[in-house]
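Me: I've got a model open and would like to talk it through with you. Can we start with the ligand and then move on to the fold?

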Amino acid sequence: MQHASKIFLIGFMGSGKSTAGRRLASYLKWSFVDLDEKIENTEGMKIPAIFSQKGESLFREMESKALRELQPESHVVISTGGGTPCFSNNMEFMLESGLTIYLKMTPSSLKRRLVRSSEGRPLLKDIDRRDLEGFIAAKLAEREKWYSRAEIITDGLNTDLSYLLSLIKKRIIQ
Ligand code: S3P
């Protein structure tokens, strides 16, 4: 995608997609959509309840539908869920529809963040603290093949927003 009017932030749970997305949107004066929040609003349920009552595969269908509903939007920054790129050809869809940015982090940095916030995350709720880093490392290795297709790959731990903006500005329709 040469000149995009949508930006998709992708990366593992805890990589700061929503925070970076909100900040980017405010700098660009674009709107902001958090894909998980969009699903929660449509379903009238929180993500953990969707997973426990409807199951992951239905959640993945909702996620891919919610993503495609954004097709007509422009000048929007979208923070996706950690699994979004890895299902239903969603990564292809994002690569074709906008500028994709991967907030990359190591398993140990992700663990430090996720240890404090695993409760609202259904994939982590049954993982013992001692196994968390191993789980993250394995899941990340599995997902890296999707994440690494992003057009821009940047450090999620210390996201340098001004550097990111300089990369983005050449590739978007302002
Ligand atoms: C998921 C990540 C979550 C949410 C759901 C599944 C995943 O989003 O979509 O719990 O598969 O990695 P965050 O990345 O915002 O935590």
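Me: Sure, and keep in mind that this is a predicted model. How far is an oxygen atom of the ligand from an N or O atom in the side chain of aspartate 36?
Reply: The pair to look at is a ligand oxygen and an N or O atom of the aspartate 36 side chain. A polar contact needs N or O atoms within 3.5 Å. Here the separation is 2.8 Å.

Me: Which residue offers a polar backbone atom to a ligand oxygen at 2.8 Å?
Reply: Arginine 60 uses its side chain, with an N or O atom 2.7 Å from a ligand oxygen. The backbone partner at 2.8 Å is glycine 82.

Me: How much of the ligand's accessible area does the protein cover?
Reply: On its own, the ligand has 390 Å² of accessible area. Around the ligand there are 14 residues, with Lys17, Arg60, Gly82, Arg121 and Arg143 among the nearest. The covered share is 93%.

Me: On to the fold. Which strands stand at the edges of the sheet?
Reply: The sheet is open, with five strands in parallel pairing and the order β2-β3-β1-β4-β5. An edge strand here has a single partner, so one side is left without a neighbour in the sheet. That gives β2 (31-34) and β5 (152-155).

Me: What stands opposite leucine 9 in β3?
Reply: Strands β1 (residues 6-10) and β3 (residues 76-79) run parallel and are joined by four bridges. Across from leucine 9 is serine 79.

Me: Which helix packs on the sheet, touching β1 and β4?
Reply: Its direction makes about 145° with that of β1. The helix covers residues 90-97 and is α5.

Definitions and conventions: Residues numbered from 1 in each chain as written. Predicted model: local features only at pLDDT ≥ 70, side-chain atom pairs only at ≥ 80, totals over all residues. Heavy atoms only, no water. Pairing = 2+ DSSP bridges. Helix = DSSP H or I, 4+ residues; strand = E, 2+ residues; numbered from the N terminus. Contact = heavy atoms within 4.5 Å. Axes fitted to C-alpha atoms, helices over the stretch in contact; angles between N-to-C directions. Near = heavy atom within 4 Å. Polar contact = N/O pair within 3.5 Å; in protein donor to acceptor, adjacent residues only side chain to side chain. Areas by Shrake-Rupley, 256 points an atom, 1.4 Å probe, with all protein chains shown as cover.
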